[in-house]
Amino acid sequence: MVYSLLRPLLSLLDAEQAHRLAIAGLKALPLGGTNQADGPAATQVAGLDFPNPLGMAAGFDKNAEVPDALLGVGFGFAEVGSITPLPQDGNPRPRLFRLDEDRGVINRMGFNNGGAEAAVGRLARRAGRPGIVGINIGANKDSPDRQADYATMARLMAPLASYLAVNVSSPNTPGLRALQDEGALAGLLDAVLEARGRAGPPVFLKVAPDLEVSDIDAIARIAVDKQLGALIIANTTVSRPPLKSRHGGQTGGLSGAPLRDLAQQRLRDFRSATGGAIALVGVGGIASAEDAWARIRAGASLVQLYSAMAFQGPGIARAVTRGLERLMRDDGFATIAEAVGTE
């Protein structure tokens, strides 16, 4: 209710200013307890016990400022980042655009973040607190050796992460998506897994929705071969379905409702390519319990959202999880895991 009253004011602000205000608001919340890991929507993925399958996607909390606040408002897990070894400003502003008429967002942020050192300090201070916090890692735009950047980030963040998410799918860092090519990806993941160490957290891989069938098959083979914890499907898209907003022609990655159908199809494609041999995380265009449930039935063990919170506020987390519990009961499933891939 409070957010519905504030949203007209927030819509008058530049999208990036509104985002910073949202972070400040979450910082002001008292830290409460996390969700119960034995609740009706609890599930286990990659050896981790999730109190519910709904997470905050990377990109919202780039600098690991509010992971515990996100858990406190009802998310089952929070993924912070992308974080790069060195601080970087990202691309010139304006670089974040709300597409109100389309319930979508276009961003060309460019991995803007305060760098690894600052994030390590914040994450180390929360050590020992409950809750699953994934760390999304990336490479600096001007790095001469991006593979080395990912290895550095894996080594630094492994002791602090519930899982590591390797982001090779942002469209806003030139050349980054080339790391999804079969040869480059295998070498990159080898470097990350070695730097993480044998006792380190599971490694997830985040991929783009703009993939050819051959790319999907190759990534699926590599993910299974490297025994990754999960594939996150998918990042923002550079494609453009018909859009109503005046910002629809902006360059960058498109997310929110216009991405939903493409992300859903890519999830199905990866479910088919992997044969269920690896967990999938569905993200892109999820704005309701029904959206999340459809993604789970299509093969996702976990789901994430981000853009929808800009339109609905932080109450979306509890609304979606309550709705998932209802849908699970209505369809006759005792657990989330039972429903995965049953469409």
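These legends describe close-up views of a predicted model.

**View 1. Eight strands close into a barrel.**
The strands follow the order 3-4-7-8-9-10-12-13 around the barrel. Their pairing is parallel. From one strand to the next, the twist averages 25°.

**View 2. Strand 12 lies beside strand 13 in the parallel sense.**
Strand 12 covers residues 279–283, and strand 13 covers residues 302–305. Three bridges pair these two strands. Look for valine 283: opposite this residue stands glutamine 304 of strand 13.

**View 3. Helix 8 packs on the sheet.**
Helix 8 is made of residues 260–274. Which strands does helix 8 touch? The helix touches strand 9 (203–207), strand 10 (230–233) and strand 12. The direction of helix 8 makes about 155° with that of strand 10.

**View 4. Threonine 274 is a buried residue of helix 8.**
Is threonine 274 buried or exposed? Its relative accessibility is 8%. Buried means under 20%, so threonine 274 counts as buried. The side chain of threonine 274 reaches the backbone oxygen of phenylalanine 270 at 2.7 Å. Leaving aside residues up to four places away in sequence, threonine 274 touches Ala220 and Leu231.

**View 5. Strand 8 is largely enclosed by the rest of the structure.**
Strand 8 runs over residues 163–167. How many of its five residues are buried? Five of the five are, so the strand is largely enclosed. In a regular strand, side chains alternate between the two faces of the sheet. On one side of strand 8 are Tyr163, Ala165 and Asn167. On the other are Leu164 and Val166. These residues are all buried, and both faces of strand 8 are covered.

**View 6. Strand 7 pairs with strand 8.**
Strand 7 spans residues 132–137. Strands 7 and 8 pair in the parallel sense over four bridges. Glycine 134 stands opposite tyrosine 163 of strand 8. Helix 5 (residues 146–157) joins the picture here: strand 7, helix 5 and strand 8 make a right-handed β-α-β unit.

**View 7. Strand 8 also pairs with strand 9.**
Four bridges link strand 8 and strand 9, again in the parallel sense. Which residue of strand 9 is the bridge partner of valine 166? The partner is leucine 205. With helix 6 (residues 182–196), strands 8 and 9 make a right-handed β-α-β unit.

Key: Residues are numbered from 1 along each chain as its sequence is written. This is a predicted model: local features need pLDDT of at least 70, side-chain atom pairs count only at pLDDT 80 or more; totals for chains, interfaces and linings use all residues. Side-chain values use heavy atoms; hydrogens and water are left out. Two strands pair if DSSP finds at least two bridges between them. Axes are lines fitted to C-alpha atoms, for helices over the stretch in contact, and angles run from 0 to 180 degrees between N-to-C directions. Contact means heavy atoms within 4.5 Å. Buried means under 20% relative accessible area, exposed over 50%, partly exposed in between (1.4 Å probe, protein chains only). A polar contact is a pair of N or O atoms within 3.5 Å; within protein, one must be able to donate a hydrogen and the other to accept it, and residues adjacent in sequence count only if both atoms are side-chain atoms. A crossover is right-handed if, with the strands pointing away from the viewer, the path from the first strand over the helix to the second runs clockwise.
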